[in-house]
Amino acid sequence: MKRAFSDEDLIKNLSLYYLNRHLKKKPMQKYHQKIDESQLHDREKYKKKAEILLLNSFMHHFPEVTFENLTCESPDFIATLNEKKIGIELTEVINHLDMKKLESSLNKIFRQAEILLEQEDTTKYRGVYFLEFHPNIKFDSLENQQEIILNIYKSIKRGKPVGCVKNIRKSSHRRNVFITYEYNMSLFDELCSEKIIELIEKKNEKFPYYDTSVDECWLVIVSDMNSIASRYTFIQDREHLSQVKSPFHKIFHLENLCGNMTNIK
């Protein structure tokens, strides 16, 4: 998985991860500790931590799996399952590419507002704040970002929307201040099966370069439901996935909110 993660991405993913009561905390903490102890550059550590978080739903479906190499590249991870050495190649399917840049800008804005509130009084303001904004706000404009950060800061302090903030909802959180986007999915927010098939075809081309010491190599395609760019409500033309041809021994698509998994191969 070759996507570059920012500090804001990782902080967001970690916070959402710990908010989900259904997730496996102890193994994830252990894997993150191992990544921290590795010789990887900090940027690569961020990337690996964010990647392994996406595999939590996978661990629910395969509770006996044990990750033995968390820092390899081709494939992304090596695990053992039923005395077999399994290479796991992970990739994220982006459903709304146009939302990716917006999401990155939002994460940076949210983090700056979180820092302001935590510096003032973490105990007073700690919680999860879900924000909805008025339309046509230019989040990627540097000129607007400071004003947006102040609007968010004032909205949370006053407990009601200010400026560009349209609605605000708070949930309890014991650790710190966490701000995220209130995303209401459309009932017709489909994920086209062709996007999944295109990802598989790209990964097929790289298959000959993966570690050949593994017994099997699996491809795990994840829809990150914590991301406004990746969310979906249903897979359009799901039946097309059964026609996929690939050298991967197994292929799965899963989403990391409810843990639904589709066995493609």
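A polar contact here is a pair of N or O atoms within 3.5 Å, where one must be able to donate a hydrogen and the other to accept it. With that in hand, look at arginine 231: its side chain reaches the backbone oxygen of methionine 225 at 2.4 Å. Keep in mind as you go that this is a predicted model. Arginine 231 sits in the loop between strand 8 (216–223) and strand 9 (234–236). Is this arginine buried or exposed? Since buried means under 20% relative accessible area, arginine 231, at 18%, is buried.

Now for the salt bridges. How many does a search of the whole structure find? The count comes to 10. Start in helix 3, residues 42–54, which holds both lysine 48 and glutamate 51. These two are 3 residues apart, about one turn of the helix, and they form a salt bridge whose closest N and O atoms are 3.9 Å apart. Both partners are tucked away: lysine 48 counts as buried because its relative accessibility is 1%, and glutamate 51 is buried too, with a relative accessible area of 0%. The pair doesn't stand alone, either, as Lys47, Lys48, Glu51 and Glu73 are linked in a network of salt bridges.

Move along to arginine 111, which forms a salt bridge with glutamate 118; there the closest N and O atoms are 3.9 Å apart. Then there's lysine 157, bridged to glutamate 120 with the closest N and O atoms 3.1 Å apart. Lysine 157 belongs to helix 6 (residues 142–158) and glutamate 120 to helix 5 (residues 98–125), so this pair ties together parts that are 37 residues apart in sequence. How covered are these two side chains? Lysine 157 has a relative accessible area of 39%, so it is partly exposed, and glutamate 120 is also partly exposed, at 38%.

Just past helix 6, in the loop that runs on to strand 5 (165–171), you'll find valine 162. Valine 162 is buried, its relative accessible area being 16%. Its C-alpha is 10.0 Å from that of phenylalanine 133, and the two residues are 29 apart in sequence.

Next, some backbone details. Which two residues does a cis peptide bond join? They are serine 74 and proline 75, with omega at about 10 degrees. Proline 75 is placed in the loop between strand 1 (66–69) and strand 2 (77–81). Follow the chain through strand 2 and you come to asparagine 82, in the loop between strand 2 and strand 3 (84–92). Asparagine 82 isn't a glycine, yet it has a positive phi of about 55 degrees. Asparagine 82 counts as exposed because its relative accessibility is 64%, and the cut-off for exposed is over 50%.

Aspartate 237 is another residue other than glycine with a positive phi, in this case near 55 degrees. Its place is in the loop between strand 9 and strand 10. With 34% relative accessibility, aspartate 237 counts as partly exposed. This aspartate also takes part in a negative surface patch, formed together with Glu194, Glu198, Glu201, Glu205 and Glu239. One of those glutamates, glutamate 194, lies in helix 7 (residues 193–206). Glutamate 194 counts as partly exposed because its relative accessibility is 38%.

The residue just before helix 7 is worth a look as well. Cysteine 192 lies in strand 7, residues 190–192, and is partly exposed, with a relative accessible area of 23%. How far apart are the C-alpha atoms of cysteine 192 and isoleucine 235? They are separated by 5.8 Å, although the residues are 43 apart along the chain.

Finish back in the loop between strand 9 and strand 10 (250–255), this time at leucine 241. Leucine 241 is buried, with a relative accessible area of 3%, whereas aspartate 237, in the loop between those strands too, is partly exposed. The C-alpha atoms of leucine 241 and threonine 262 are 9.4 Å apart, for a separation of 21 residues along the chain.

Terms used
Residues numbered from 1 in each chain as written. Predicted model: local features only at pLDDT ≥ 70, side-chain atom pairs only at ≥ 80, totals over all residues. Heavy atoms only, no water. Patch = residues over 30% accessible without salt bridge, like charges linked within 9 Å, V, L, I, M, F, W, Y side chains within 5 Å. Areas by Shrake-Rupley, 256 points an atom, 1.4 Å probe, with all protein chains shown as cover. Salt bridge = Lys/Arg side-chain N within 4 Å of Asp/Glu carboxyl O. Lys, Arg positive; Asp, Glu negative; His and termini not counted. Charge placed at Lys NZ, Arg CZ, Asp CG, Glu CD. Helix = DSSP H or I, 4+ residues; strand = E, 2+ residues; numbered from the N terminus. Buried < 20%, exposed > 50% of the residue type's maximum accessible area, 1.4 Å probe, protein only.
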